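I opened the notebook with the sequence and the coordinates side by side. My plan was to go from the inside outwards, then to the backbone.

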Amino acid sequence: MSAIAAFAADTDEDAAAKPAVPNIYLDLRTIYAAIPAGTLGLGFGNTSLSAALEALAARRGGALGNGLPAAKSIAVDLPLTVDVSDRVSLYGGVSGSAIDLGGGWSSFDITSWNIGVQADLYQQNGGTIPTITLQSTLTQSVPNEPGMTTSFNDILEFDYALDEDETRGWLAGVQYTHTDIASQFASIRPNTILYAGGYYQWPSNWKFTGRLGMQSFGGAQLGGRTLAQSFTQPILRLDLDRMDDNDNRLFGITAQIAWMPKASYQVTLRTPLYAVRN
């Protein structure tokens, strides 16, 4: 076979292998959280829950007495996600939540919307430099009124695979969250997490990932009063995911423990609903 014919054959194979339509799915996430008194719903990538609690604190600050009470929350995130390529994903949607501050559960309402992008800035592909991924999310609470919050959440993660199939490896990263409140009387200082961890994927396509880090929060104030104290404490996140042969997530469960300084607990179920799955 001539070089030109071989190149043409390879091109045809690549064209046949490349999906004509990107993955499109509703990345449904159901979150239950138990949060100690005097703090907000902080942690790994949890901007929707934080937005609901932050906006509630800003609106009801005068009725919260000595600070934020202990809270329980159920939240549902509904971001429509499009995997533009194997390097870039775009997403956007709404989140709803119900909160119990000790006097019974509130009604379940739409409490925020979000848009974001996740992109591999560099892929390891068997080399010595780890894959570098940036994820940026903008979350805004609803309704649009005094006390609404706007959060900017950025995660920079380094993934060093230990084998060619990338079924096991090490992780390290940083998450930075900045929140603005539409009120001159309230403020929330940034939240930063530094973490390290690793992952292992079995031949059955079950994947376990663990992250352990330190979370530093600057506190929250309303009208000169402290609603949430600043702290620097450990945080642990454990993920168990069921993947398919093309590394699409079919199901996932996440458990998180964050000390604030008392322990906060969070469990997340991920059940993506695919319109297109390659």
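**Core**

I began with the largest nonpolar core, which has 27 residues; Leu 40, Leu 42, Leu 49, Leu 53, Ile 188, Phe 217 and Ala 220 touch the most other members. I kept in mind that this is a predicted model.

Next I asked which elements supply at least two residues of this core. The list is strand S2 (29–35), helix H2 (47–59), strand S3 (71–83), strand S9 (186–188), strand S10 (191–201), strand S12 (220–222), strand S13 (225–228) and strand S14 (231–243). S2 gives the most, with three residues. I noted the general background: in soluble globular proteins, nonpolar side chains tend to be buried together.

**Salt bridges**

I searched the whole structure and found eight salt bridges. I looked up three of them.

The first entry is Arg 29 with Asp 77, whose side chains meet at 3.6 Å, N to O. Arg 29 sits in strand S2 and Asp 77 in strand S3, and 48 residues separate them, so I logged the pair as a link between distant parts of the chain. Are the two partners buried or exposed? Arg 29 is partly exposed, at 21% relative accessible area. Asp 77 has 6% relative accessibility and counts as buried. I then followed the connections and found a network of salt bridges that links Asp 27, Arg 29, Asp 77 and Arg 270.

The second entry is Asp 239 with Arg 211, where the closest N and O atoms are 3.4 Å apart. Asp 239 lies in strand S14 and Arg 211 in strand S11 (residues 206–217), so this pair ties together parts 28 residues apart in sequence. Asp 239 is buried, with a relative accessible area of 6%. Arg 211 also counts as buried, at 13% relative accessibility.

The third entry is Arg 249 with Asp 241, with 3.0 Å between the closest N and O atoms. Here I recorded Asp 241 as buried, at 6% relative accessible area. Arg 249 is partly exposed, at 23%.

**A contact across the sequence**

I stopped at Asp 100 in strand S4 (residues 88–100). Asp 100 is buried, with a relative accessible area of 14%. How far from Lys 72 is Asp 100, in sequence and in space? I read 28 residues in sequence and 5.1 Å in space, C-alpha to C-alpha.

**Surface patches**

I turned to the nonpolar surface. One patch of about 870 Å² is made by Tyr 200, Trp 202, Trp 206, Phe 208, Leu 238, Leu 240, Leu 250, Phe 251, Ile 253, Val 267 and Leu 269. I traced these to their elements: S11, S14, strand S15 (249–259) and strand S16 (263–270) give two or more residues. S15 gives the most, with three residues. I checked one member, Leu 269, which lies in strand S16. Its relative accessible area is 36%, so Leu 269 is partly exposed.

I then looked for charge. Glu 164, Asp 165, Glu 166, Asp 245 and Asp 247 gather in a patch of negative charge on the surface. I placed Glu 166 in the loop between strand S7 (149–161) and strand S8 (168–181). Glu 166 is partly exposed, with a relative accessible area of 35%.

**Backbone exceptions**

Before the last pass I wrote down the background: most residues other than glycine have a negative phi, and most peptide bonds are trans. I looked for exceptions.

Which residues does a cis peptide bond join? Val 142 and Pro 143 are one pair, with omega about 5 degrees. Pro 143 lies in the loop between strand S6 (131–141) and S7. Met 260 and Pro 261 are another pair, with omega about -5 degrees. I found Pro 261 in the loop between S15 and S16.

For positive phi, I noted Asn 125, at about 50 degrees although it is not a glycine. Asn 125 lies in the loop between strand S5 (109–122) and S6. Asn 125 is exposed, with a relative accessible area of 61%.

My last entry returns to Asp 247, a member of the negative patch. Its phi is positive, near 65 degrees. Asp 247 lies in the loop between S14 and S15. At 44% relative accessibility, Asp 247 counts as partly exposed.

How values were computed: Residues are numbered from 1 along each chain as its sequence is written. This is a predicted model: local features need pLDDT of at least 70, side-chain atom pairs count only at pLDDT 80 or more; totals for chains, interfaces and linings use all residues. Side-chain values use heavy atoms; hydrogens and water are left out. Patches are made of residues with over 30% relative accessible area and no salt bridge: like charges are joined within 9 Å, nonpolar side chains (Val, Leu, Ile, Met, Phe, Trp, Tyr) within 5 Å. Accessible areas come from the Shrake-Rupley method with a 1.4 Å probe; for residues, only the protein chains shown count as cover. A salt bridge is a side-chain nitrogen of Lys or Arg within 4 Å of a carboxyl oxygen of Asp or Glu. Lys and Arg count as positive and Asp and Glu as negative; His and the chain ends are not counted. The place of a charge is taken as NZ of Lys, CZ of Arg, CG of Asp or CD of Glu. Helices (H or I, at least four residues) and strands (E, at least two) are DSSP runs, numbered from the N terminus. Buried means under 20% relative accessible area, exposed over 50%, partly exposed in between (1.4 Å probe, protein chains only). A nonpolar core is a set of buried Ala, Val, Leu, Ile, Met, Phe, Trp, Tyr and Cys residues joined through side-chain atoms within 4.5 Å.
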